[in-house]
Amino acid sequence: APGQLSVREVHAFRQQLGLLPKRAFFLFGSPVQQSMSPTLHNTGFGVAGLPHEYALCETEDAALMVARLRAPGTGGGSVTIPLKQDIIPHLSTVSAHARAI
């Protein structure tokens with residue numbers, strides 16, 4: 001509606017006020033170098049005016065994933081097969097749907 005701020009403008013103001021800190025998101029797995037996920041997510045973040053960044057983390061080590069996910073400034077991550085099995089014991093909750101898959 002006329003006079004209302006766009007979502008992008010709201011995000012920009014929230015960031016300026018310190019209410020929308022930059023977060024890092026990752027795709028964990030191996031191999032992941034050919035993944036289009038960073039392009040997809042970073043484009044979406046940009047269009048929405050979000051300060052976040054999505055990056056690749058080439059690894060087969062669940063402990064590295066857990067450390068990276070628990071690090072300050074991390075917003076979350078995506079995990080490829082077979083690492084999905086390895087990360088489950090480290091999660092606080094797993095939905096019934098996720099367990100079924």
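## A walk through the sheet and its helices

The buried residues of helix α3 pack against three elements, namely β1 (24-29), β3 (74-79) and α4 (83-87). That is a handy place to start in this predicted model, and the sheet comes next.

**The sheet**

Three strands make up an open sheet, in the order β2-β1-β3, with parallel pairing. β2 (53-58) and β3 are the edge strands, each pairing on one side only. From one strand to the next, the twist averages 25°. β1 is mostly covered, with five of its six residues buried. The pairings of β1 can be set side by side:

| Strand pair | Sense | Bridges |
|---|---|---|
| β1 and β2 | parallel | six bridges |
| β1 and β3 | parallel | five bridges |

To find these pairings in the viewer, two residues of the sheet serve as landmarks. Phe-26 has Gly-77 in β3 as its bridge partner, while Phe-28 stands opposite Cys-57 in β2.

Which strands does α3 touch as it packs on the sheet? Helix α3 touches β1, β2 and β3, and its direction makes about 150° with that of β3.

**Helix α3**

Helix α3 covers residues 62-70, and its buried residues are Ala-62, Met-65 and Val-66. Viewed down the helix axis, these buried residues fall within an arc of 95°, so they line one face of α3. The start of the helix has a polar contact to look for: a side-chain oxygen of Asp-61 comes to within 2.9 Å of the backbone nitrogen of Ala-63.

**Helix α2**

Now for the helix made of residues 37-48. What are the buried residues of α2? They are Ser-37, Pro-38 and Phe-45. Because they cover an arc of only 90° around the axis, these residues sit on the same side of α2. The partners of this buried set are β1 and β2. On the face turned away from the buried side, α2 carries the exposed residues Leu-40 and Val-47.

The length of α2 can be checked too. At 1.5 Å a residue, its twelve residues should span 16 Å, and the end C-alpha atoms are indeed 16 Å apart, which agrees. After α2 comes Gly-49, with a positive phi near 75°.

**Thr-59 and Leu-83**

Two residues that touch each other are worth a closer look. Thr-59 lies in the loop between β2 and α3. Is Thr-59 buried or exposed? With a relative accessible area of 7%, Thr-59 falls under the 20% cut-off and therefore counts as buried. Its side chain reaches the backbone nitrogen of Asp-61 at 2.9 Å. Leaving aside neighbours within four places in sequence, Thr-59 is in contact with Phe-28, Gly-29, Ser-30, Leu-64, Met-65 and Leu-83.

Leu-83, for its part, is found in helix α4. Its relative accessibility is 5%, so Leu-83 counts as buried. Again leaving aside neighbours within four places in sequence, the contacts of Leu-83 are Phe-28, Gly-29, Thr-59, Glu-60 and Met-65. Met-65 is one of the buried residues of α3. Another of these is Val-66; how many residues apart in sequence are Leu-83 and Val-66? They are 17 residues apart in sequence, and 11 Å apart in space from C-alpha to C-alpha.

**Two cis peptide bonds**

Finally, look at the backbone before two prolines. The peptide bond from Ser-30 to Pro-31 is cis, with omega near 0°. Pro-31 is found in the loop between β1 and α2, and Ser-30 is among the contacts of Thr-59. A cis peptide bond also joins Ile-81 and Pro-82, where omega is about 5°. Pro-82 belongs to the loop between β3 and α4.

Terms used: Residues numbered from 1 in each chain as written. Predicted model: local features only at pLDDT ≥ 70, side-chain atom pairs only at ≥ 80, totals over all residues. Heavy atoms only, no water. Buried < 20%, exposed > 50% of the residue type's maximum accessible area, 1.4 Å probe, protein only. Helix = DSSP H or I, 4+ residues; strand = E, 2+ residues; numbered from the N terminus. Arc of directions from axis to C-beta. Contact = heavy atoms within 4.5 Å. Polar contact = N/O pair within 3.5 Å; in protein donor to acceptor, adjacent residues only side chain to side chain. Pairing = 2+ DSSP bridges. Axes fitted to C-alpha atoms, helices over the stretch in contact; angles between N-to-C directions. Expected span 1.5 Å × (residues − 1).
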